[in-house]
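The following exercises are to be worked with the sequence and coordinates at hand. Each task is followed by a solution in steps.

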Amino acid sequence: STGSLGLWSTASAFYAFDVDNLLVLPDSLGRNDARLTKPLTFGAGVPQIGCGQGGYFDGSVNAVSGNLQQNAWTTVLWVKTTQSFRSCTTSMWFCGVGLVDAEVAGVTNDFGLTLVSGVPVTGLGLPDTSAVAPSAVNDGTWHFVAGRRRVAGISTLTTFIDGLPVASATSSRVSASNAAG
């Protein structure tokens, strides 16, 4: 049952972060459990949201992997960081630190929500397209960050900071984002 999930009940997955010290993060909807590379630390200092709590990712060895393949998607999360990293000279999404990242090398059917030098960027591959926020969120305070893809003849990517849309970009690709490379 999705009772307390309300509007999230139609999502492809909802990770409530309400279990501690597991290597499988259960999807509260029962659709797409995720695998962790090491157990997460929960609770202390992490915002409590919805019907679960937050997980602490240390930025070096924590990762979640799942199997979500969708045309339209929205990824939302709370971020608190002072990290400033960029792996290449552009502001494309694949040059950043992956928050939710399905990057596959080359120009292919991939996607992600990343931080490029502390700036949230929502991206889509094939062709590579990025919605780059105008400001950084790496100030050491909590920010509600989201990336969204909508498909209606073209793909529209939108990046949100603290509930407000701050950047958008369009792509000609309308096929599902499945990171199959």
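## Exercises on strands, cores and a disulfide

Strand S9, residues 119-124, and strand S10, residues 129-132, are paired antiparallel through 4 bridges. The model examined here is a predicted one.

**Exercise 1.** Describe the hairpin of S9 and S10, and state which residue in it takes a positive phi.

*Solution.* Begin with the register: Gly123 has Ser130 of S10 opposite it. Next, consider the connection, where 4 residues lie between the two strands. Within this hairpin, Leu126 adopts a positive phi near 60°.

**Exercise 2.** Determine the secondary-structure content of the protein chain.

*Solution.* Count the elements: the chain contains 13 strands and 0 helices. Read from the N terminus, the succession of elements is therefore written with β alone, as β-β-β-β-β-β-β-β-β-β-β-β-β.

**Exercise 3.** Establish the strand order of the open sheet of 4 strands and explain why one side of S6 and of S13 has no neighbour in the sheet.

*Solution.* First, write the order, which is S6-S11-S12-S13 with antiparallel pairing. Second, locate the edges: S6 (73-79) and S13 (164-171) each have a single partner strand, so one side of each remains without a neighbour in the sheet. Third, the twist from one strand to the next averages 15°. Finally, inspect one pair: S11 (residues 143-151) and S12 (residues 155-161) run antiparallel and share 7 bridges. Among the positions in this pair, Gly147 has Thr159 in S12 as its bridge partner.

**Exercise 4.** Which residues make up the largest nonpolar core, and which strand gives the most to this core?

*Solution.* The largest nonpolar core has 12 residues: Leu77, Val79, Trp93, Leu113, Leu115, Val116, Val119, Val121, Ala133, Val137, Val145 and Ile161. Assign them to strands: S6, S8 (111-116) and S9 each contribute at least two residues to this core. The greatest contribution comes from S8, with 3 residues. A second core, separate from this one, has 8 residues, among them Trp73, Leu124, Leu157 and Ala167. For the surroundings of one core member, exclude residues up to four places away in sequence; Val119 then touches Thr114, Val132, Ala133, Ser135 and Ala136.

**Exercise 5.** Is Thr75 buried or exposed?

*Solution.* Place the residue first: Thr75 belongs to strand S6. Its relative accessibility is 15%, and the cut-off for buried is under 20%. Thr75 therefore counts as buried. Apart from neighbours within four places in sequence, the contacts of Thr75 are Val100, Leu113, Val145, Ala146 and Gly147.

**Exercise 6.** Characterise the disulfide of Cys88 and Cys95, including its handedness.

*Solution.* The structure contains 1 disulfide. The sulfur atoms of Cys88 and Cys95 are 1.6 Å apart. The torsion about their S-S bond is about -75°, so the disulfide is left-handed. For the two accessibilities, Cys88 is partly exposed at 27% relative accessible area, whereas Cys95 counts as buried at 0% relative accessibility.

**Exercise 7.** Summarise burial, contacts and accessible surface for the protein chain as a whole.

*Solution.* Of the 181 residues in the chain, 38% are buried. Take next the contacts between residues at least 6 apart in sequence: 48% of these join residues at least 24 apart. Lastly, the chain exposes about 9,100 Å², and carbon and sulfur atoms supply 55% of this area.

Conventions: Residues are numbered from 1 along each chain as its sequence is written. This is a predicted model: local features need pLDDT of at least 70, side-chain atom pairs count only at pLDDT 80 or more; totals for chains, interfaces and linings use all residues. Side-chain values use heavy atoms; hydrogens and water are left out. Two strands pair if DSSP finds at least two bridges between them. Axes are lines fitted to C-alpha atoms, for helices over the stretch in contact, and angles run from 0 to 180 degrees between N-to-C directions. Buried means under 20% relative accessible area, exposed over 50%, partly exposed in between (1.4 Å probe, protein chains only). Contact means heavy atoms within 4.5 Å. Accessible areas come from the Shrake-Rupley method with a 1.4 Å probe; for residues, only the protein chains shown count as cover. A nonpolar core is a set of buried Ala, Val, Leu, Ile, Met, Phe, Trp, Tyr and Cys residues joined through side-chain atoms within 4.5 Å. A disulfide is a pair of cysteine sulfur atoms within 2.5 Å.
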